[in-house]
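Trainee: Could we go through this model together? I'd like to understand how each label is earned.

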Amino acid sequence: YGDSVAPVSEVELKFAVALMLAGAVVYALVIANMTSVLANANVLYARHVDELAAVTQVVDDRDLPEGLRQRIKLEFEYVWAKQFGVPDRHLLRGLPAALRDELAAPVVDHLTKVPFFDPNHRNGSDALARAVARGCKIRVYVPRSTIFAARERRRELVIVRAGAAYVFRDGRRRPSAVLREGDFVGDVQFLFDARHPVSVRTGAQVCEVFVWTPDVLGDEVIREDAAPVRATLEAYQRRLEAWSRGRVDEASLQHARPTLVQQAPSTKRRYQIGTYDHIRGAWE
């Protein structure tokens, strides 16, 4: 900038001034771009913080108990840690249909283990399973959540995607069975709108499940004399018998016991700990 080589003529002076202005513009552009990159890198996290702050405000306004507050916060943190708070349906929405069908292959594999969709009862065809797989929803249940309550009427087929869920029968405090990846529940209720004879709850871990509602069947006719329906009812009866005499090993039982802090909040309202088990904490 003229420290070592000073401009002498008018032309040299104009050239030096032009170089100084060009350098200032380049420095400004570099700083602006760096600022933009750093700001965009935290856009998703900023949205997550805003959503969590809004939920926290609602929780405070409703004066919810501490145990439920922890579960709500844990659900948001889990979704953020796994896929930056973006639901699966948003991630796959822009993909071609053929590619989405290929990505749904693991879902089809899980569905074909359900007697109603088993190709062995459908002349070796998995066409219905592949069609129904497109209507799959993924739901996340945080610890201490109820997936199905006993005697509840809800038409949903649920297959465990990750984690574990526990089956409780006849109001017992000890679970009768553990549902792990690939295990399913609700197939008879999904078809016939029957009440659930057992309650299904999560333990000390987060549980992800695939969920289907009856509308995914489309024009499929459900006949009680059809082979898939008979196989479903027979398998359902065997599961009920196994659950009635089932016992869970001690290692699995450790995950079914409460681990979250469930204390009565210091408010004017009174809550029972049992209330937490009947508040469904699901995210779609």
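**Reading the labels**

Mentor: Happily! Let's start with helix α2, whose buried residues are His48, Leu52 and Val59. They cover an arc of only 30 degrees around the axis, so they sit on the same side of α2. Keep in mind that this is a predicted model.

Trainee: What is exposed on the other side of α2?

Mentor: Asp50 and Asp61 are exposed there.

Trainee: How do you know that the length of α2 agrees with its number of residues?

Mentor: Helix α2 has 20 residues, 43-62, and at 1.5 Å a residue these should span 28 Å. Its end C-alpha atoms are 29 Å apart, so the two values agree. Just after α2, Asp63 has a positive phi of about 60 degrees.

Trainee: Why is Cys207 called buried, and why is Cys136 called partly exposed?

Mentor: Buried means under 20% relative accessible area. Cys207 has 0%, so Cys207 counts as buried. Cys136 has 21%, and partly exposed runs from there up to the exposed cut-off of over 50%, so Cys136 is partly exposed.

Trainee: How many disulfides are there?

Mentor: The count is zero; a pair of cysteine sulfur atoms would have to be within 2.5 Å.

Trainee: What makes β2 and β5 edge strands?

Mentor: The open, antiparallel sheet has the order β2-β7-β4-β5. Strands β2 (146-148) and β5 (177-179) each pair on one side only. Helix α9 (residues 227-245) packs on this sheet, touching β4, β5 and β7.

Trainee: How many bridges join β4 and β7?

Mentor: Five, in the antiparallel sense; Ala165, for one, has Thr202 in β7 as its bridge partner.

How values were computed. Residues numbered from 1 in each chain as written. Predicted model: local features only at pLDDT ≥ 70, side-chain atom pairs only at ≥ 80, totals over all residues. Heavy atoms only, no water. Buried < 20%, exposed > 50% of the residue type's maximum accessible area, 1.4 Å probe, protein only. Helix = DSSP H or I, 4+ residues; strand = E, 2+ residues; numbered from the N terminus. Expected span 1.5 Å × (residues − 1). Arc of directions from axis to C-beta. Pairing = 2+ DSSP bridges. Contact = heavy atoms within 4.5 Å. Axes fitted to C-alpha atoms, helices over the stretch in contact; angles between N-to-C directions.
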